[in-house]
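Trainee: I am new to this structure and would like a close look at a single part of it, together with whatever that part is joined to. Could you take me through it slowly, in one connected account?

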Amino acid sequence: MATLFEAWQGVQGRIGAACTACARNVAEISLLAVSKTFPAAAVRELYTLGQRSFGENYAQELQQKHAELADCSDLNWHFIGPLQSNKTRIVAECASWVHTVDRVKIAERLSQQRPEHLPPLNVCLQVNVSGETSKSGVQRAELLGLAQAVQTLPRLQLRGLMCIPEATDDEVKLAKQFQLLKQCQATLAEYGIELDTLSMGMSSDLEIAIANGTTLVRVGSAIFGARHYPKQEQE
Ligand SMILES: *Cc1c(COP(=O)(O)O)cnc(C)c1O
């Protein structure tokens, strides 16, 4: 079995090769290590190797690891899970980024609850690019209104867009859905809303995301191994 270091290096190698294949500069791509369900010790090990940004899906798990790793001063937590109103305070206090804002009410709570001593919370708006009605994420037709509302909130910094495409192996479908997110970024720019981050691509599809304009890939299992869900919190 590969060590954590080897797996992490392997993912960086995949990112490098994918950038070479489409003539992008590897410095444009950030690697978010998705540590959900893995212990704080694994996060600490990867932090010691030089990884700085980690992603969590469950508010309580974020809160716990944030406390356990409080001594890792420049470690950044990104919240990438579904966000309920009763969990916004934890995220506002523990995270430096949240990728899954898809309605104004949640954004308003995050802004109100962001502690004064911390810089504004970086926000990506989650967009439903698959058209599946069961998926979270704002509909594309409602994105501009949401972006304009989030921009007025004093303790949030609107940075980008995020998507989770349909669960499929069809690379053409995946590419189309990633392209839709990139188009959303271009449309917002026409309205004067310039965003520097596209959060798209995971362990299985990061190459397709890189070919289609991602700036941040969220990679869990390819770094930490297969996940088991013994302590998934009840929302
Ligand atoms: C779990 C998760 C990931 C990481 O998925 P892997 O397939 O393990 O890389 C990325 N993004 C989100 C939103 C997730 O929930």
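**A close look at strand β2**

Mentor: In strand β2, S53 and G55 point one way while F54 and E56 point the other way, and all of these residues are buried. Please keep in mind from the start that this is a predicted model, and that the values I give you are computed from it.

Let us begin at the start of the strand. S53 belongs to β2, which covers residues 53-56. The relative accessibility of S53 is 17%, and because buried means under 20%, this residue counts as buried. If we leave aside the neighbours within four places in sequence, the residues that S53 contacts are L31, L32 and A33, along with N76 and H78.

Now look to one side of the strand, where β2 pairs with β1 in the parallel sense, over two bridges. The chain gets from β1 to β2 by way of helix α2, residues 40-49, and the β-α-β crossover made in this way is right-handed. Within the pairing, G55 of β2 has V34 standing opposite. Strand β1 itself, residues 30-34, is mostly covered, with four of its five residues buried. β1 also runs parallel to strand β8, residues 216-219, and four bridges join these two strands. One place to find that pairing is S30, whose bridge partner in β8 is L216.

Returning to β2, we can follow its pairing with strand β3, which consists of residues 76-79; these two strands run parallel and are joined by four bridges. Here E56 is the residue to find, since F79 of β3 stands opposite E56. Taken with helix α3, the strands β2 and β3 form a β-α-β unit, and this unit is right-handed.

Between β2 and α3, which spans residues 59-68, there is a loop, and Y58 has its place in that loop. Its relative accessible area is 11%, which means that Y58 is buried too. For a sense of distance, E132 lies 74 residues from Y58 in sequence, and the two are 23 Å apart in space, C-alpha to C-alpha.

The last thing to look at is the ligand. There are 13 residues around the ligand, and those that come nearest are K36, N57, S203, S221 and R227. As for individual atoms, the side chain of R218 has an N or O atom 2.8 Å from a nitrogen atom of the ligand. An oxygen atom of the ligand lies 2.8 Å from a backbone N or O atom of G220, and a polar backbone atom of S221 is likewise 2.8 Å from an oxygen atom of the ligand. Taken alone, the ligand exposes 390 Å², of which the protein buries 90%.

To come back to where we began, β2 is joined in the parallel sense to β1 by two bridges and to β3 by four, and its residues S53, F54, G55 and E56 are all buried.

Conventions. Residues numbered from 1 in each chain as written. Predicted model: local features only at pLDDT ≥ 70, side-chain atom pairs only at ≥ 80, totals over all residues. Heavy atoms only, no water. Buried < 20%, exposed > 50% of the residue type's maximum accessible area, 1.4 Å probe, protein only. Contact = heavy atoms within 4.5 Å. Pairing = 2+ DSSP bridges. Right-handed = clockwise from strand over helix to strand, strands pointing away. Near = heavy atom within 4 Å. Polar contact = N/O pair within 3.5 Å; in protein donor to acceptor, adjacent residues only side chain to side chain. Areas by Shrake-Rupley, 256 points an atom, 1.4 Å probe, with all protein chains shown as cover.
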